[in-house]
Amino acid sequence: MSLRPCPSCQNSVSRQAEFCPNCGHTFKSSKNGGVGITFWGIVGAIILAVVILSFC
Ligand SMILES: [Zn+2]
């Protein structure tokens, strides 16, 4: 099992772990966080606005 250093406390944590058992730093939030949902929410709002304006 491979280990990786925690970016918060430099503790060696398993790559399969979702969070650091030493300090509680979450690893998955950096990759699959809420940023993508916010991005697509803005894109969807812009597309919806363009579609509405095209019918006016
Ligand atoms: Zn840590």
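**Exercise 1.** Determine whether Thr26 is buried, partly exposed or exposed, and describe its surroundings.

*Solution.* Step 1: the classification counts the other C-beta atoms, placed from the backbone, within 10 Å of a residue's own: 20 or more means buried, 12 or fewer exposed, and anything in between partly exposed. Step 2: Thr26 has 12 other C-beta atoms within 10 Å, and is therefore exposed. Step 3: Thr26 is found in the loop between strand 2 and helix 1, where helices (H or I, at least four residues) and strands (E, at least two) are DSSP runs numbered from the N terminus. Step 4: with neighbours within four places in sequence left aside, Thr26 is in contact with Glu18 and Phe19; contact requires C-beta atoms, placed from the backbone, to lie within 7 Å. Step 5: Ser8 is 18 residues from Thr26 in sequence, and their C-alpha atoms are 9.6 Å apart.

The model is predicted: local features need pLDDT of at least 70, side-chain atom pairs count only at pLDDT 80 or more, and totals for chains, interfaces and linings use all residues. Residue numbers start from 1 along each chain as its sequence is written.

**Exercise 2.** Locate Asn22, classify its exposure and list its contacts beyond four places in sequence.

*Solution.* Step 1: the loop that holds Asn22 runs between strand 2 (12–14) and helix 1 (28–31). Step 2: Asn22 is partly exposed because 13 other C-beta atoms lie within 10 Å. Step 3: once neighbours within four places are set aside, the contacts of Asn22 are Cys6, Cys9 and Asn11. Step 4: for the pair Asn22 and Cys6, a sequence separation of 16 residues goes with a C-alpha to C-alpha distance of 9.0 Å.

**Exercise 3.** State what is notable about the phi of Gln10, and where this residue lies.

*Solution.* Step 1: most residues other than glycine have a negative phi. Step 2: Gln10 has a phi near 65°, a positive value in a residue other than glycine. Step 3: Gln10 belongs to the loop between strand 1 (3–5) and strand 2. Step 4: with 11 other C-beta atoms within 10 Å, Gln10 is exposed.

**Exercise 4.** Characterise the chain as a whole by its elements, burial and contacts.

*Solution.* Step 1: the chain contains two helices and two strands, in the sequence order β-β-α-α. Step 2: of its 56 residues, 4% are buried. Step 3: among contacts with a separation of 6 or more, 0% involve residues 24 or more positions apart.

Terms used. Two residues are in contact if their C-beta atoms, placed from the backbone, lie within 7 Å.
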